[in-house]
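Student: I've just opened this one and I'm new to it. Can we talk through its charged residues together?

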Amino acid sequence: NGLVVHNSAQRFARIRENMYDQFMKEIADKAKNAFLQKARDGDLLGIVVGGPGFTKDKLVDNDYLQSELDEKVLGKRSLNYSGEEALEELVSKSEEMIEDSRMIREKNLVSEFLENLREESGKAEYGPGQVWEALGMGAVDTVLVSESMELFHAVYEDDSGEERHVFEEEAEIDESSEDLTHLGDLVEDIASKAEEMSTDLEIVSTRHEEGQRLENLGGVAAILRYRIR
């Protein structure tokens, strides 16, 4: 009689709305499981939300995301695809946004190191030898390495078991010495030691002023958990 049709339309509209709301909550819940702990640990650079249509806008603008994740949203991008193709498209369209965010993080870390150095708090070390020593002690919270770093790390051990660490260009290291027990790329060795000591590693670009200052300090620096000197 028309009235039934009208009520049915409203009922189906409510069902669709509830299903859509549930779908958005499921996306937000998956984002929480994937990213929240990383955000709290300081390991999340940012979040970029992408997709065709307006779903991406509703996810961000209607407060579906947990507040700590919402603060990490760098921006939104409209996509033409779905599935793996969409992820590739999203990364391609977000490169500049991601790069800007990465540089901000780098600048902040180098600034924190320089502030510690100025204040003589004892929580800053720089130079390959000093940083390697601090890493070995487990005292480094974050190690900063310039992307221009091209040194090699050699370890020599004498008859008494005493080790000597040398950080030079490859041509200046005596590979024929019987005392040589290790020869490797310094950046790779730092990365391995940082992982062993639960230390954060940041490779710093030289395309900004802070990165150039790090390069001028020998290309490697450390923000310490506690003073060692």
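Student: Let's start with Arg102: what is its relative accessible area, and how does that class it?
Tutor: Keep in mind that this is a predicted model. Partly exposed is the class between under 20% and over 50%. Arg102 falls in that class, because its relative accessible area is 25%.

Student: Which residue does Arg102 form a salt bridge with?
Tutor: Look along helix 4, which covers residues 83–119. The partner sits three residues from Arg102, so the two are separated by about one helical turn. The closest N and O atoms of the pair are 3.0 Å apart, and the partner is Glu99.

Student: Is Glu99 buried, partly exposed or exposed?
Tutor: Its relative accessibility is 22%. Buried would mean under 20%, so Glu99 counts as partly exposed.

Student: Which other arginine forms a salt bridge with Glu99 at 2.7 Å?
Tutor: This one lies in the loop between strand 8 (200–204) and helix 7 (209–216), whereas Glu99 is in helix 4, so the pair ties together parts that are 108 residues apart in sequence. The arginine is exposed, with a relative accessible area of 56%. With 2.7 Å between the closest N and O atoms, the partner of Glu99 here is Arg207.

Student: What about Arg118: which residue is its salt-bridge partner?
Tutor: Arg118 counts as exposed, at 54% relative accessibility. Its partner is three residues away in helix 4, so about one helical turn separates them. The closest N and O atoms are 2.7 Å apart, and the partner is Glu115.

Student: How accessible is Glu115?
Tutor: Glu115 counts as partly exposed. The value behind that is a relative accessibility of 33%.

Student: Which residues do shared salt-bridge partners join into one network?
Tutor: Here the salt bridges share partners, so look for lysines and aspartates. The network is made of Lys56, Asp57, Asp61 and Lys76.

Student: And how many salt bridges does the structure hold?
Tutor: We've met a few, including the one between Arg102 and Glu99 and the one between Arg118 and Glu115. For the structure, the count is 14.

Student: Which charged residue is buried yet has no salt bridge?
Tutor: Try helix 6, residues 186–196. Leaving aside neighbours within four places in sequence, the residue is in contact with Trp132, His153, His182 and Gly184. The nearest side chain of opposite charge, Lys193, is 9.4 Å away, and the buried residue is Asp189.

Student: Now the surface: what charge does the patch that includes Glu157 and Glu163 have?
Tutor: Glu157 is in strand 5 (residues 152–157) and counts as partly exposed at 33% relative accessibility. Glu163 is in strand 6 (residues 163–168) and is partly exposed too, at 43%. They gather with Asp158, Asp159, Glu162, Glu178 and Asp179, and the patch's charge is negative.

Student: How far apart are the C-alpha atoms of Glu163 and Asp179?
Tutor: Both belong to that patch. Along the chain they are 16 residues apart, while their C-alpha atoms are separated by 9.3 Å.

Student: Last one: which residues does Glu163 touch, not counting those up to four places away in sequence?
Tutor: One of them is Glu157, a fellow member of the negative patch. The full set is Val155, Tyr156 and Glu157.

Notes. Residues are numbered from 1 along each chain as its sequence is written. This is a predicted model: local features need pLDDT of at least 70, side-chain atom pairs count only at pLDDT 80 or more; totals for chains, interfaces and linings use all residues. Side-chain values use heavy atoms; hydrogens and water are left out. Patches are made of residues with over 30% relative accessible area and no salt bridge: like charges are joined within 9 Å, nonpolar side chains (Val, Leu, Ile, Met, Phe, Trp, Tyr) within 5 Å. Accessible areas come from the Shrake-Rupley method with a 1.4 Å probe; for residues, only the protein chains shown count as cover. A salt bridge is a side-chain nitrogen of Lys or Arg within 4 Å of a carboxyl oxygen of Asp or Glu. Lys and Arg count as positive and Asp and Glu as negative; His and the chain ends are not counted. The place of a charge is taken as NZ of Lys, CZ of Arg, CG of Asp or CD of Glu. Helices (H or I, at least four residues) and strands (E, at least two) are DSSP runs, numbered from the N terminus. Buried means under 20% relative accessible area, exposed over 50%, partly exposed in between (1.4 Å probe, protein chains only). Contact means heavy atoms within 4.5 Å.
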